[in-house]
Amino acid sequence: MLHLPASAARSREIVELMPALRKFAYRFTSNENDADDLVQEVLKRAIEHLDQYSAGTSMKSWMFTIMRNLYATRYKAAKRESCGLISDVALQDVPVAASQDWKMRAIDVNTALLRLSSNEREALMLVSAGVSYIEAAHSGGCEIGTIKSRVSRARHHLADLLGDASVGEATAAS
């Protein structure tokens, strides 16, 4: 039987513990890359402080203790640190659209509606409120074809006033 120097035997024992260390680290981190980083740091510290290892004690327990303490220290530090730089916030998606855009669009639409003729505005408002063309024609005292024509002209005129070609194209298709 070959007798290795104590440091070589300990080094071999450390290498043999690597799979168990990886599994233990993964239980802490739930991420393979973070687990590998943690194992690497534990190995570095264990080798640097091998002189503090007491012969006759469990190498596995000693290294698992190093890992647990290292993880706890990192975890506490991460809780104290900020999440990132202020500039990183600009890279994040906005979860809710800015309400100012909708308010400004509503003001533009109201202004454009006021610029329509009263017949066009009335016809468009009735139909957009869900009133049928027949009921709108009856309310306006005119034929159904007249209401349809007023609504169509109102949509196109409104699209022109808002400078929205896509609305004009969409209304042309309906």
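How much area does the chain expose, and what share of it do carbon and sulfur atoms supply? The chain exposes about 12600 Å², and 55% of this comes from carbon and sulfur atoms; such areas are computed by the Shrake-Rupley method with a 1.4 Å probe, and for residues only the protein chains shown count as cover. The model is a predicted one, in which local features need pLDDT of at least 70 and side-chain atom pairs count only at pLDDT 80 or more, while totals for chains, interfaces and linings use all residues. Residues are numbered from 1 along each chain as its sequence is written, and side-chain values use heavy atoms, with hydrogens and water left out.

A look at the overall fold comes next. The chain holds ten helices and zero strands, giving the pattern α-α-α-α-α-α-α-α-α-α along the sequence. Helices (H or I, at least four residues) and strands (E, at least two) are DSSP runs, numbered from the N terminus. Of the 174 residues in the chain, 22% are buried; buried means under 20% relative accessible area, exposed over 50%, and partly exposed in between, with a 1.4 Å probe and protein chains only. Contact means heavy atoms within 4.5 Å. Among contacts between residues at least 6 apart in sequence, 55% join residues at least 24 apart.

Two of the helices can now be followed in detail. Helix α7 covers residues 118-128 and includes E120, while helix α9 covers residues 144-162 and includes A154. Their axes lie 8 Å apart and make an angle of about 100°. That angle makes α7 roughly perpendicular to α9, a label given to angles of 65 to 115 degrees (under 35 is roughly parallel, over 145 roughly antiparallel, and the rest oblique). Helix α7 brings N119, E120, A123, L124 and V127 to the contact, and helix α9 brings I147, R150, V151, R153, A154, R155, H157 and L158. By class, the contact has seven nonpolar, two polar and four charged residues.

Within this contact, what is the relative accessibility of A154? The value is 0%, so A154 counts as buried. Setting aside residues up to four places away in sequence, A154 touches L116, E120 and L124. The C-alpha atoms of A154 and S117 are 8.3 Å apart, although 37 residues separate the two along the chain. E120 has a relative accessible area of 11% and is therefore buried. Beyond its neighbours within four places in sequence, E120 is in contact with R150, R153, A154 and H157.

Definitions and conventions:
Axes are lines fitted to C-alpha atoms, for helices over the stretch in contact, and angles run from 0 to 180 degrees between N-to-C directions. Ala, Val, Leu, Ile, Met, Phe, Trp, Tyr, Cys and Pro count as nonpolar, Asp, Glu, Lys and Arg as charged, and the others, Gly among them, as polar.
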